[in-house]
Amino acid sequence: MTRRSGRDGGPLRVRSVSTTFDSAAPGEGIQSRPAPVRLLRHLVTGAFDLWVGLSINLTGRMGWSADVQPYVGYGTESYSRLICRTILTDGRRREDPAIRGIRGLLTVPAPRTRVRLAIDSTAIGRVQVGDSSVYDAVDPSRSLSADAVFSDRSGYLDLVAEHRLTPGVHRVSYQVRGRRPVDAPLYIVPGQTPVGVISDVDDTIMISQVPNHWKAAWNLLLSNPHRRSSVPGMAVLYNRIRDLDPRMPFFYLSASPWNVEGSIRGFIRDHGFPAGPLLLRDLDPRPKTFVPSIVQHKMEFIHQLMADFPRMRFVLMGDDGQSDPATFAQVVRQYPDRVLAIGIRQLSPQETGLGSLFKRTATQPMPVTQVPVFYGTTGANLMRTLLPYLRRRARI
């Protein structure tokens with residue numbers, strides 16, 4: 001039977017963390033940038049704040065009120081990471097979370113909105129303010145009332161909750177005043193699971209044509225999310241990897257904004273990929289930078305996963321269309337014993353947008369690493385080499 005209680009048998013404890021949305025990494029503060037960059041940032045963030053103020057004022061006159069967009073959470077038996085966003089809506093909820101990207105990007109945030117949370121119907125009642133995005137022990141001296149749980153200036157809320165939960169899929173619910181609760185899956189991974197998969201999304205499992213900026217923009221903003229194409233054979237490969245150990249978690253990284261989380265989640269479900277949490281990025285200006293770079297975004301979450309699952313080794317899956325080879329090489333250098341293998345999906349010249357014109361591609365070579373790297377243009381290609389290696393080395 002699932003146990004759903006805090007460590008003391010009462011409401012679940014939770015702490016608000018200084019997340020990738022609003023904290024600066026060392027040397028990343030805007031004060032260290034040249035004066036023109038600081039001025040540009042001031043203009044961009046000022047324009048964003050003006051748009052937020054005007055849109056909140058307009059929607060307020062139209063009678064819109066705050067609601068919650070829940071995102072998929074993950075954790076271990078002892079704690080979970082929970083992410084949601086408070087937004088302003090006209091009161092109607094869509095049954096289908098998949099929406100065109102342009103509509104998602106125009107979502108109006110509901111800043112500084114109080115949110116109440118529960119896991120499997122057990123309320124989260126204790127709050128602790130933290131100062132790091134990496135989980136550490138709860139300090140009771142900093143515990144506050146759950147009434148202190150508010151979203152940030154862009155509507156985002158990132159929390160860590162203490163609990164005792166059995167491995168498997170649970171439900172986390174979010175509620176703002178005057179609205180019914182909304183919920184999302186919460187994936188609890190056994191702490192002793194030996195291997196996990198960290199996978200890129202764009203052009204690794206979903207054809208996005210990111211190197212071709214015009215096509216990538218069309219796919220993100222205007223295409224029908226239900227008509228997105230899967231990379232041939234990748235769903236089969238991922239499920240074969242999952243068959244090696246049903247406990248194996250899959251974490252999906254994407255440079256797409258949180259606004260389209262529902263669309264990507266629907267894509268993963270519709271095309272038969274193993275379910276798992278999505279780790280996306282915030283495109284709203286934040287104190288640390290204008291918008292985090294793709295490499296910066298992926299490294300932030302990979303650091304977090306390495307810290308959240310310190311005994312787990314990972315299989316890194318990406319493509320050679322942009323930064324994945326260099327990013328994965330950097331991960332291997334920083335965590336030499338934590339990467340089991342790297343899989344790189346090779347883009348075709350047509351996908352890069354340069355092959356038909358210049359007879360060359362815009363793909364990136366994989367730097368030399370001490371971890372074996374497997375290449376293939378499809379999941380079937382990768383399956384012939386990567387899967388036998390994992391069977392021999394994963395020890396699962």
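Tutor: Let's fix one word before we look around: a residue is buried under 20% relative accessible area, exposed over 50% and partly exposed in between (1.4 Å probe, protein chains only). The model is predicted, so local features need pLDDT of at least 70 and side-chain atom pairs 80 or more, while totals for chains, interfaces and linings use all residues. Residues are numbered from 1 along each chain as its sequence is written, and side-chain values use heavy atoms, leaving out hydrogens and water.

Student: Why is F273 called buried?

Tutor: Its relative accessible area is 5%, and the cut-off is under 20%, so buried it is.

Student: What makes F250 and Y252 a stacked aromatic pair?

Tutor: Eight aromatic pairs turn up in the structure, and in this one the ring centres are 6.5 Å apart with 25 degrees between the planes. Rings of Phe, Tyr and Trp (its six-membered ring) pair if their centres lie within 6.5 Å; planes under 30 degrees apart are stacked, over 60 edge-to-face and the rest tilted, so this pair counts as stacked. F250 has a relative accessible area of 1% and Y252 comes out at 0%, so the word for both residues is buried.

Student: Why is the pair of F267 and F273 called stacked too?

Tutor: Here it's 6.0 Å centre to centre and 25 degrees between the planes, so both cut-offs are met. F267 is buried as well, at 2% relative accessibility. Ring pairs join these four residues and Y238 into a cluster.

Student: How do you know that β12 and β13 pair?

Tutor: Strands (E, at least two residues) and helices (H or I, at least four) are DSSP runs, numbered from the N terminus. Two strands pair if DSSP finds at least two bridges between them; β12 (residues 250-257) and β13 have three, in the parallel sense. One bridge partner of Y252 in β13 is L278.

Student: What makes β13 an edge strand?

Tutor: The open sheet has six strands in the order β13-β12-β11-β14-β15-β16, paired in parallel. β13 (278-281) and β16 (373-376) each pair on one side only. Even so, both faces of β13 are covered: L278 and L280 on one side, L279 and R281 on the other, all buried.

Student: Why is the crossover from β12 to β13 called right-handed?

Tutor: The chain runs from β12 through helix α5 (residues 261-270) to β13. With the strands pointing away from the viewer, a clockwise path from the first strand over the helix to the second is right-handed, and that's the hand of this β-α-β crossover.
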